Amino acid sequence: MLQAKQYKNYREKIISNYQPRFRELYKLDPESFLLPTFRKAISENTEESFRRIISEPFPGVFVFEMFQPDFFEKLLAEVENFRKWAHETKLKIMRPNKMSKFGVVLDDFGLHIMLKQLMEDFIFPICKVFFPKECGAMFDSQRGSFIENGEDRNAELGLHVEDSEITLNVCLSKQGEGGEIFFEGTRCKKHMDIDPKPEERFDYCHIPGQAILHRGCHVHGARAATTSGRRANMILWCRNSLFREMQTYEKEFRDWCGQCVHEKKEKESQCLAAKRKEMIRIIE
Ligand SMILES: [Zn+2]
C-alpha cells in the first residue's frame, strides 16, 4: 500500500509543478494528431475499412500508420523536456520497467487524458473487430510509455508478456539497423513456459511511423539495436479488467493461446484415431 501512496505522491508532484512544452499534446486533437486515411477508416468503422489501412503480417499482429509526423516530433520533444525538468529538479524518474534506464511513463506527466481518449475513440474500434473478446464493452484503463533502444540506451529486451490485454507499439523514430521485435506465440498463464513451435516464431522490423497492435500475452522481445542504431517507441497498454477476471474462471481451453489450441487438436486427433481403430475392428 505504501508503494501505491508513494506513486500517487510522485504523480501529484509532477502534475502540480511540471510545465509542458507543447500544451496541445495534452488534449487529443484528431485532426492534427492523426492521418486523414486513419481517421476515415475509423469513422467508417467496418472491418473492410480497417483492412484497407491495416495489414496482418502474422496472425494476431496488425500493422498500420495512424499518426501525423508532427505528433511524433512534438512527443519526442515533450519527453526530452520532461527529462530535462526532472534532471533540474532532481526528480528520480520512475521507469516503465526494470530493464528500462531511459524510458518514461507518459501518463505520469499528464498525458493520461489524451491517451485514454486515443484508446477509447481510435484503438478500441479496431480491437472490437480484431480482438472482440479481449476488449469487451470497453477498455477500462491504460498506460502509455516511451522506450528507447540503442547504443547508449537499452540493450536487448528479453522475451516477455505485458500487463495489458492489447498493446499498441508505435515506432516514433529509428536510425540504423537492428532493434527488431520478435514474437514467439500467444500464451495463457498456465502455458507461459512452453516453448514456441517453429510456426509461432515471427520477426518484425520496426518502421518509423508504423504502429503494431498485438495481444499483451503474445510473447515477444526486442533485439538490441546495432552500434549505430537508435529507436524510440511509444507503447500503449490497453486493459480490460473484466476479461482478466474471466480468465480465472475459464480454466480449460483458451482459443487465443497457441498451446491450448495445440493440446485440443492433439486430443481430438487421438480421439479420432481411437475411433478409427474401433471401426476397423468392427468391420473385421
Ligand atoms: Zn493455454
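User: Among its four donor atoms, what geometry does the site of the zinc ion have?
Analyst: In this predicted model, the angles among the four donor atoms of the zinc ion run from 100 to 118°. Four donors count as tetrahedral if all angles lie between 85 and 135 degrees. For reference, the ideal angle for four tetrahedral donors is 109.5 degrees. That makes the site of the zinc ion tetrahedral.

User: Which atoms coordinate the zinc ion?
Analyst: The coordinating distances are 2.1 to 2.4 Å. One donor is a histidine nitrogen, ND1 of His191, and the others are SG atoms of cysteines. Put together, the set is Cys188 (SG), His191 (ND1), Cys257 (SG) and Cys260 (SG).

User: And how are the donor residues of the zinc ion spaced in sequence?
Analyst: Start at Cys188 and His191, go on to Cys257, and finish at Cys260. Written as a pattern, the spacing is C-x2-H-x65-C-x2-C.

User: Are Cys188 and His191 buried or exposed?
Analyst: Cys188 and His191 each give one donor atom to the zinc ion, SG and ND1 respectively. Buried here means under 20% relative accessible area. By that cut-off, both Cys188 and His191 are buried.

User: In what order do the four strands of the open sheet run?
Analyst: The pairing in this sheet is antiparallel. Strands E5 (157-160) and E8 (201-204) stand at the edges with a single partner strand each, so one side of each has no neighbour in the sheet. The twist averages 15° from one strand to the next. Reading across, the order is E5-E10-E7-E8.

User: Over how many bridges do strand E7 and E10 pair?
Analyst: E10 covers residues 218-222 and pairs with E5 in the antiparallel sense over two bridges. Strand E7 (residues 181-186) pairs with E10 in the antiparallel sense too. For E7 and E10, the number of bridges is four.

User: Which residue in E10 is the bridge partner of His160?
Analyst: E5 spans 157-160, and that strand pairs with E10. Over on the E7 side, Thr186 has His218 of E10 as its bridge partner. For His160, the partner in E10 is His220.

User: How many of the residues of E10 are buried?
Analyst: Both faces of E10 are covered. His218, His220 and Ala222 are buried on one side, and Val219 and Gly221 are buried on the other. E10 is therefore largely enclosed by the rest of the structure, and its buried count is five of five.

User: Are the rings of Tyr18 and Trp85 stacked or edge-to-face?
Analyst: The ring centres of Tyr18 and Trp85 are 5.3 Å apart, with the planes at 65°. Planes over 60 degrees apart count as edge-to-face. Both Tyr18 and Trp85 are buried. Because of that 65° angle, the pair is edge-to-face.

User: How far apart in sequence are the parts that Tyr18 and Trp85 tie together?
Analyst: Tyr18 sits in the loop between helix H1 (2-17) and helix H2 (30-33). Trp85 belongs to helix H5 (residues 69-88). So this pair ties together parts with a sequence separation of 67 residues.

User: What kind of aromatic pair do Phe82 and Phe109 form?
Analyst: Phe82 is in helix H5 and Phe109 in the loop between strand E3 (104-105) and H6, 27 residues apart. Both are buried. Their rings are 4.3 Å centre to centre with 15° between the planes, and planes under 30 degrees apart count as stacked. The pair is stacked.

User: Which residues do the ring pairs link into a cluster?
Analyst: The model has 20 aromatic pairs in total. The pairs Tyr18 with Trp85 and Phe82 with Phe109 have already come up. The residues in the cluster are Tyr18, Phe82, Trp85 and Phe109.

User: What is the relative accessible area of Phe131?
Analyst: Phe131 is in the loop between helix H6 (112-130) and helix H7 (132-135). Leaving aside neighbours within four places in sequence, Phe131 contacts Gly60, Phe62, Ile166, Leu213, His214 and Arg215. Phe131 counts as buried because its relative accessible area is 1%.

User: Where is Ala274?
Analyst: At 43% relative accessibility, Ala274 counts as partly exposed. Its C-alpha is 42 Å from that of Gly158, with their places 116 residues apart in sequence. Ala274 is in helix H9 (residues 258-283).

User: What share of the residues in the protein chain is buried?
Analyst: The chain holds nine helices and eleven strands, and its C-alpha atoms fill a box of roughly 85 × 40 × 40 Å along the principal axes. Of its 284 residues, the buried share is 49%.

Key: Residues numbered from 1 in each chain as written. Predicted model: local features only at pLDDT ≥ 70, side-chain atom pairs only at ≥ 80, totals over all residues. Heavy atoms only, no water. Buried < 20%, exposed > 50% of the residue type's maximum accessible area, 1.4 Å probe, protein only. Contact = heavy atoms within 4.5 Å. Donors = N, O, S within 2.8 Å, 3.2 Å for Na, K, Ca; no water. Tetrahedral: all angles 85-135°; square planar, octahedral: opposite > 155°, others 65-115°. Pairing = 2+ DSSP bridges. Axes fitted to C-alpha atoms, helices over the stretch in contact; angles between N-to-C directions. Phe/Tyr/Trp six-rings, centres within 6.5 Å; stacked < 30°, edge-to-face > 60°.
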